[in-house]
Amino acid sequence: MVPVKFAFIPLPPSLTRKPALQGGQLIRVLLFILFSTCAVALAQKNKIVVTHAVQVITVQYFSEDWEKIKEIKLPIQSTGGWPVTDAYHTMGDYQSMQLNKEGNVLFVFLYDGYEGTDEEPEPAHSFTALYKFDLTYKRGEKVFEIPRSNHVMWKYLEQRNSILYYDDSLSTFTEADLLTGQKKPLCPVAFNGTSMQLTPTDTDFVFVYTRNDSILKTTYSFRTGVTQTIFLFGYPDFSSYHKQNLLVLGPSWKGNISFVVTPYKKYTANIPFSNFNSYWKNEDQFYIIQKSGIAIYNTRFQLIKSYYLEHPHIYANLSAGLLISYGNQSFAFIDHELTTLTNLPQVHDNFISCIAESH
């Protein structure tokens, strides 16, 4: 249940001029207050942090002020699987688990191996499968299997009620309908390297990736089935792509020479960083993680602002700010302008698999 914050709601002027309210007016006043209070409640977004450790998935719900609301634990030993690993680092995405917008259904890709052991399962029992967990009733079910892999690139498309995933065995993006279970191959894409970013909408998806020291972008339309691939930049790696702007952070052995490639111009600068992950603040500004803090730059590589922190890491870019860790795994929340840091002692588990907001 979404917590309700009560606030003073002024009455319409027409209802405050008369000294006494008649029955019909009183009903209108009460309805006005009720609908206004509901609007306040619905505008709030709960924060959800999902972690995995010792074969237990823990779903923690927080208010907008990061007060803990509730916690749900889902033991998954009986599935015989472990959450898949993340095959790509761009945008800091965590891809083993994803939530619906209401925050009451959790999708998890599990596979039957574990990187901490050399044991291999019997071939007849090998699997990688999508599981769906109803968090209200704490029930889970296997939805479908895919060719066995310890990493899966995928997105839950709530408006389409489907899962978009990359099938390694076919080198093809595939869409699985969650209602019928049918799988539809969409478009083949060949790539290499570890820098990739998958961004779907209700009408299409954009996939940015590297192949043969080139950064390419493939767009697929769900409506027409048309696939288009274009060249973006000649480089073996990139950090993130947002609103037609490509950010490339150059490694230290190449002199930290970084690039922002826009549709109109390319910008170059020597920018120190400690993590390839980057997050966009808007179309013109982005966050870079540095050893001594978090910095905001614009697409022309002009420093807008920085905030000193020891060994920071950004976990998620949420509607009101960034969920981060720093120092010795201290978790905190900082607004988008890097003005106010709020420590979060109630967020303490660094085995984070998913961070989301309910709507």
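**Strands, hairpins and salt bridges in a predicted model**

Three bridges join β27 to strand β28 (residues 341–343), and the two run antiparallel. One of these contacts sets I334 against its bridge partner L341 in β28. The two strands make up a hairpin with five residues between them. Within that turn, L338 takes a positive phi of about 55 degrees. Everything described here comes from a predicted model, so the values are computed from its atoms.

On to the other partner of β27. Strand β26 (residues 321–326) also pairs with β27 in the antiparallel sense, this time over six bridges. Here I324 has A332 of β27 as its bridge partner. Again the connection is a hairpin, with three residues separating β26 from β27. G327 sits in this turn and has a positive phi of about 60 degrees. In general, strands of a sheet pair through backbone hydrogen bonds, and they can do so in either the parallel or the antiparallel sense. How enclosed is strand β27 by the rest of the structure? Largely so, because five of its six residues (330–335) are buried.

The loop between β27 and β28 also has a part in a salt bridge. E337 lies in that loop, and its side chain meets that of K281 at 3.0 Å, N to O. K281 belongs to the loop between β21 (278–280) and β22 (285–290), so the pair ties together parts of the chain that are 56 residues apart in sequence. Are the two partners buried or exposed? Neither label quite fits: E337 has 44% relative accessibility and so counts as partly exposed, and K281, at 22%, also counts as partly exposed. For K281, the cut-off matters, because buried means under 20% relative accessible area.

The strands flanking the K281 loop lead to a sheet. Four strands form an open sheet in the order β21-β22-β23-β24, with antiparallel pairing. β21 and β24 (303–308) are the edge strands, each of them pairing on one side only. From one strand to the next, the twist averages 20 degrees. At one end of this order, strand β23 (residues 293–298) pairs with β24 over five bridges, in the antiparallel sense. Across that pairing, A295 stands opposite S306 in β24.

Back to the charged side chains. How many salt bridges does a search of the whole structure find? The count is seven. Besides the E337–K281 pair, they include one between E175 and R160, whose side chains come to 2.8 Å, N to O. This pair links distant parts of the chain: E175 is in strand β11 (residues 172–177), whereas R160 is in the loop between β9 (154–157) and β10 (162–167), 15 residues apart. The two ends are not equally accessible. E175 is buried, as its relative accessible area is 10%, while R160 has 31% and is therefore partly exposed.

Another salt bridge joins E145 to K142, with 2.9 Å between the closest N and O atoms. E145 has 36% relative accessibility and counts as partly exposed, and K142 counts as partly exposed as well, with 38%. Elsewhere, K68, E71 and K73 are joined into one network by salt bridges that share partners.

Late in the numbering there is a cysteine worth a look. C354 lies in strand β29 (residues 352–357) and is buried, with a relative accessible area of 6%. Which residue, 255 positions away along the chain, has its C-alpha atom 8.1 Å from that of C354? That residue is L99.

Zooming out, the protein chain has one helix and 29 strands. Of its 359 residues, 48% are buried. Among the contacts with a separation of 6 or more, 41% come from residues 24 or more positions apart. The accessible surface of the chain comes to about 18400 Å², and carbon and sulfur atoms account for 53% of that area.

Key
Residues are numbered from 1 along each chain as its sequence is written. This is a predicted model: local features need pLDDT of at least 70, side-chain atom pairs count only at pLDDT 80 or more; totals for chains, interfaces and linings use all residues. Side-chain values use heavy atoms; hydrogens and water are left out. Buried means under 20% relative accessible area, exposed over 50%, partly exposed in between (1.4 Å probe, protein chains only). Two strands pair if DSSP finds at least two bridges between them. A salt bridge is a side-chain nitrogen of Lys or Arg within 4 Å of a carboxyl oxygen of Asp or Glu. Axes are lines fitted to C-alpha atoms, for helices over the stretch in contact, and angles run from 0 to 180 degrees between N-to-C directions. Contact means heavy atoms within 4.5 Å. Accessible areas come from the Shrake-Rupley method with a 1.4 Å probe; for residues, only the protein chains shown count as cover.
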